[in-house]
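I opened this structure to look up a few places in turn. My notes follow in the order I made them.

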Amino acid sequence: QPDPHHYDLLASEARLASIIAIGLGQVPVKHWFHLRRPVAHLRGGTTLLSWSGTMFEYLMPPLFTRSFPGTLLGRSADVVVERQMKYAHRLKVPWGISESAFALCDNQGHYQYRAFGVPGIGLKRGLPDDLVIAPYASSLAVNEHPDAVADNLERLRKLGAGGQYCAVQAIYFTLGRRAEDGAVTVGYACSGHRQG
């Protein structure tokens, strides 16, 4: 039986699927206007809400589509980056919270994968429960905030996020998932799409 739930938020990669389907003539243009647009009024301005409040949801679609300053999508991307930076600064960690592998393994020893986000911009419950920083996530903001991204990547490198072939998947700051000596755990899994 089909799942009754929908991943239909404008502030997500669902908008790419909508654009492609419209372009291929698989759905009418009005499909775009059926994507949900919940908003929040934050100190940085009005922003669209996403499911998880991740950098990926907001900043991956503009890699393939134009984004216009002053529009709700353009402003949302700016507000989200600023919100991510402030949230991380308050918690004294680097910024860049997004989907990634994390310090929980399945019975075969493979890292699990999940979306991590910032409270207040994501609809998902439990966002403050885990603090996982994905180095690729801040890289998504390089066009809008190049200096901040460079500084953040250097901070991540000093924490061990650089690898021989790629940046690590994530650095875990979640209490209870840290190594016994208090150091943060780093997931050394390379993903081609992250490097791209």
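I began with what covers the buried residues of helix 5. The cover includes strand 5 (132-133), helix 4 (135-139) and strand 6 (170-172). I note here that the model is predicted.

Which residues of helix 5 are buried? I found Val149, Asn152 and Leu156. Seen down the helix axis, these buried residues fall within an arc of 70°, so they line one face of helix 5. I then turned to the other side of helix 5. There Asp147, Asp151 and Lys158 are exposed.

Next I checked the length of helix 5. It runs over residues 146-158 and has 13 residues. From its first C-alpha to its last it reaches 18 Å. That is close to the 18 Å expected at 1.5 Å a residue. Just after helix 5 I came to Gly160, which takes a positive phi of about 100°.

**Ile133**

I went back to strand 5, where Ile133 has its place. Is Ile133 buried or exposed? Its relative accessible area is 0%, so I entered Ile133 as buried. I listed what Ile133 touches, not counting residues up to four places away in sequence. Leu156 is among them, and so are Val93, Pro94, Trp95, Gly96 and Ile97. Gln169, Ala170, Ile171 and Phe173 are also on the list. Leu156 I had already noted as one of the buried residues of helix 5. I also looked up the pair Ile133 and Ala88. They are 45 residues apart in sequence, but 9.1 Å apart in space, C-alpha to C-alpha.

**Ser52**

I moved on to the loop between strand 2 (45-48) and helix 2 (55-59), where Ser52 sits. Ser52 has 2% relative accessibility, so it counts as buried. Leaving aside neighbours within four places in sequence, I found Ser52 in contact with Glu57, Ala115, Phe116, Gly117, Val118, Gly122, Lys124 and Leu127.

**The second largest pocket**

Last, I looked at open space. The second largest pocket has a volume of about 280 Å³. Which element gives the most to its lining? Helix 3 (residues 72-91) does, with 6 residues. The lining includes Val79, Glu82, Arg83, Lys86, Tyr87 and Arg90. I also wrote down Leu42, Arg43, Gly44, Val118 and Pro119 as lining residues. Val118 had come up before, as a contact of Ser52. I sorted the lining by kind: 5 nonpolar, 1 polar and 5 charged.

Terms used
Residues are numbered from 1 along each chain as its sequence is written. This is a predicted model: local features need pLDDT of at least 70, side-chain atom pairs count only at pLDDT 80 or more; totals for chains, interfaces and linings use all residues. Side-chain values use heavy atoms; hydrogens and water are left out. Helices (H or I, at least four residues) and strands (E, at least two) are DSSP runs, numbered from the N terminus. The expected span of a helix is 1.5 Å times one less than its number of residues. Buried means under 20% relative accessible area, exposed over 50%, partly exposed in between (1.4 Å probe, protein chains only). The arc is that of the directions from the helix axis to the C-beta atoms. Contact means heavy atoms within 4.5 Å. On a 1 Å grid over the protein atoms alone, a cavity is a set of points where a 1.4 Å probe fits but cannot get out, and a pocket is an open set with protein on both sides within 12 Å along at least five of seven lines; lining residues have an atom within 4 Å of a point. Grid points are joined across faces, edges and corners, and a volume is the space filled by probe spheres set on the points. Ala, Val, Leu, Ile, Met, Phe, Trp, Tyr, Cys and Pro count as nonpolar, Asp, Glu, Lys and Arg as charged, and the others, Gly among them, as polar.
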